[in-house]
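Biologist: I'd like to go through this one with you, piece by piece. Can you pull it up so we can both look?

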Amino acid sequence: MPPDMGNRPRNHRRGRSGGTFRAATGSESCPACQFRLAASCPPLTMGSSHAATSTPAVLPSQRGRRLPVTETATAGAARTSPMAVSFHRGHDLKLPPHFEAPDPLDLPAVRRWVREESARGLTALDLFCGAGGLSLGLENAGFGVLAGADSNAASIQTHVANIGGLGYHGDLSDPEDFLDHLRAWGIRKVDLIAGGVPCQPFSRAGQSKLRSLVGAGQRSGDDPRAGMWRSFITVVERLKPRAVLLENVPDLAAWDDGAIVVGFCESLRDLGYKPETAILHAYEHGVPQHRSRLFIVALKPGARFQWPRRQDKQPTVRQAVGDLPEVGPAQRDEQLKYGGPRTNLQRLLRAEVPSDERAVVYDHITRDVRDDDAEAFALLPEGGTYAQLPRRLQRYRADIFSDKYKRLEWNGLSRSITAHLAKDGYWYIHPAQDRTLSVREAARIQTFPDWFRFAGQPSLRYRQIGNAVPVLLAESIANSLHLALTLPPKRGRPRLNGQGFRQDLLTWHADNSRDFPWRDHVDPWHVLMAEVCLHRTRADQARPVYEALAELAPTPADMVRNARKARTAMRSLGLRWRAENMVKIARALVKEHNGEVPADSLALRSLPGVGDYVANAVLTFGFGRRTVIVDTNTERIVGRVRGRDEKTMRWQLRLDLHALAGREGPDAAFNYALLDLGGTVCRVSAPLCDDCPVRRHCAAHRPAAAR
Ligand code: SF4
């Protein structure tokens, strides 16, 4: 450990002063990742040697440090399609590890470093760390990030160069190799495991495509990409951190009605954590852009966690980048003269730039601009969009791409900075200059400080910046977590989520259960038939029809054989399409599932007319699985109990239901009891609150005397 470390504030371990670089040498390059050999290079190839191919240069980086950086020669221009912006690949910036990072070739030194870092204060791991926006926020809040892990080589290079610590470059879908590395490094426990599991596969479009493939029998309902989530949970399970922090896109919460989020929270609950979720807006935490992120925080019951407070004032694009020198398109110099910060945000982002480099700025590199785009940009006013251009300059359909171009406003927020910046920058046209944002401007809007450098060619730098968690947003939530982990826990025995609610509900239900013939069969096919009959129908109407069907068609094959009789039996229920659907479901089961009902949610939902509700009812009542049943009854109860308003999103209600189900989870007993409570006590109008078994848990309950 360098001698200057002693008095440095905990969150400044990455150094304003002192220490010396281990300059990158050719003999330490890795054949796999093409940069300096790290302990994480797969497989453990410590000691391999490779010839250097790059030319050393001196460029700045790292807090308060002059950084020896290697850069390969410019690779020349490339054009991938006639519509593409002429693109110059630019310098392939190579960054050496941070000067305080342990040498991964020296395992005893790594273990010593890990011990010293752990003794210094709270520690963290950052999985799927990317360039390190989340890690830097954690460091700024006082966590020591021991290691970052990512499958992207340039991101890991950036992370190790700026954050320091250890870098694992590899595929985390199987976490065993990563866990082996942690063991080798002596990392046996940490206070926090944080990360942003890749979210792109879980788009709505991806989900409907998956359903159609399952429906067509072209793939199984098991999505291998869910492995990333299991990996994250596996690492949590093995290391047992005191806290977990997960960041993702808000759309994830809506994916499959929150299936991923709910499943993830349930896994954490099984491991003894109390998960909480929130969607935070970056501009409410000092970041000048429209960007929302879903966060899941999980701590042990009793910890005092509070979501960070919002800031009243929104920062602006001008406050972030208004001090950067004016440049044109295709500006390729890595270093430009700089006049000095003018706003508080600029001063913050320049604060730890080395004193001898206050007059320069790095990465103010811009894309080239096509001639027709240059003309279009010049015509766009501040805040202007594609639809405002004359038709001759509209290369794309204006009805579909109405906002293809967007000139940012000085006094407004930027659009969310995304990895798409690596492809083009049309959403991010400079407020006053006829070009798209530079690499440094994008980094500034993501609130990366100016000493933070990004490895690789400019397009890779854009990608890393776009994929990052904004540093100030990360810092905001990291401060809340740091406080929660340093405050003493609440006094008294922590109550497990929902345990009291569940007990009161089930005790009541033991004497108040409704009696229906379909509850006599713990058989998926009978449950499926009953649910189809009950769709938009009262239970007393459905009862005789169900009994007739159970007699006629005890199996799907019998339903196919007796299709005409089954249709006739269902006639009294009305809705002729429902009888048709019943027969179609039976045919699909015979044809695609050997006459059996599949025990898989996606496969169930791929059956004709089967939605989430019916699929979950079959899983819980027919197969004994734990899953919540969300319908108007259960939504009403959980909304009242938790004091949610009508705008509450369904995934949040699903999470609430899981929490109310207690340690045993939403099993059949809990779901039947909840449905019966909704049918007899917690009615739509005039709920019988004074007779309600769960009134002591209910936010909406007011005793009759108070009404
Ligand atoms: S107390 Fe009233 S509002 Fe609350 S769950 Fe019971 S019946 Fe519904």
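What follows is our back-and-forth about the model on screen.

Biologist: Before we start, how many helices and strands are in the protein chain?
Modeller: Keep in mind that this is a predicted model. Of the 707 residues of the protein chain, 46% count as buried. As for the elements, the protein chain has 25 helices and 14 strands.

Biologist: And what share of the contacts with a separation of 6 or more comes from residues 24 or more positions apart?
Modeller: That count leaves out pairs with a separation under 6. Within what remains, residues 24 or more positions apart account for 68%.

Biologist: Let's go to helix α4, residues 176–185. Which residues of α4 are exposed on the face turned away from its buried side?
Modeller: Start with the buried residues of α4, which are F178, H181, L182 and W185. Seen down the axis, they fall within an arc of 100°, so they line one face of the helix. That fits the general rule: an α-helix has 3.6 residues a turn, so residues three or four places apart point the same way. The face turned away from the buried side carries E176, D180 and R183.

Biologist: Which elements do the buried residues of α4 pack against?
Modeller: The helix itself is followed by G186, with a positive phi near 80°. The packing partners of the buried residues are one helix, α1 (107–120), and two strands, β7 (144–150) and β8 (166–169).

Biologist: Now strand β10, residues 243–248. Why is β10 largely enclosed by the rest of the structure?
Modeller: In a regular strand the side chains alternate between the two faces of the sheet. Here A243, L245 and E247 point one way from β10, while V244, L246 and N248 point the other way, and all are buried. So β10 is largely enclosed because the buried residues number six of the six.

Biologist: Which strand pairs with β10 in the antiparallel sense?
Modeller: Strand β9 (residues 192–195) is joined to β10 by four bridges, but those two run parallel, with L192 opposite A243. A243 also stands opposite L299 in β12. The antiparallel pairing runs over six bridges, and the partner is β12 (residues 292–299).

Biologist: What about α11: which of its residues are exposed on the other side from the buried ones?
Modeller: The buried residues of α11 are D373, A376 and F377. They cover an arc of only 100° around the axis, which puts them on the same side of α11. On the other side, the exposed residues are D371, D372 and A378.

Biologist: D363 has a positive phi, near 65°. Is D363 buried or exposed?
Modeller: D363 sits in the loop between β14 (360–362) and α11 (371–379). There are 25 other C-beta atoms within 10 Å of D363, and 20 or more is the cut-off. So D363 is buried.

Biologist: And A330, with its positive phi of about 55°: how many other C-beta atoms lie within 10 Å?
Modeller: Most residues other than glycine have a negative phi. A330 lies in the loop between α9 (317–321) and β13 (335–337). A330 is partly exposed, and the count is 17.

Biologist: Last one, the ligand. Which of the 14 residues around the ligand come nearest?
Modeller: The shell around the ligand divides into eleven nonpolar residues, one polar and two charged. Those that come nearest are C682, C689, C692, C698 and H701.

Notes: Residues numbered from 1 in each chain as written. Predicted model: local features only at pLDDT ≥ 70, side-chain atom pairs only at ≥ 80, totals over all residues. Near = placed C-beta within 6 Å. Nonpolar A, V, L, I, M, F, W, Y, C, P; charged D, E, K, R; others polar. Buried ≥ 20, exposed ≤ 12 C-beta atoms within 10 Å, placed from the backbone. Contact = placed C-beta atoms within 7 Å. Arc of directions from axis to C-beta. Pairing = 2+ DSSP bridges.
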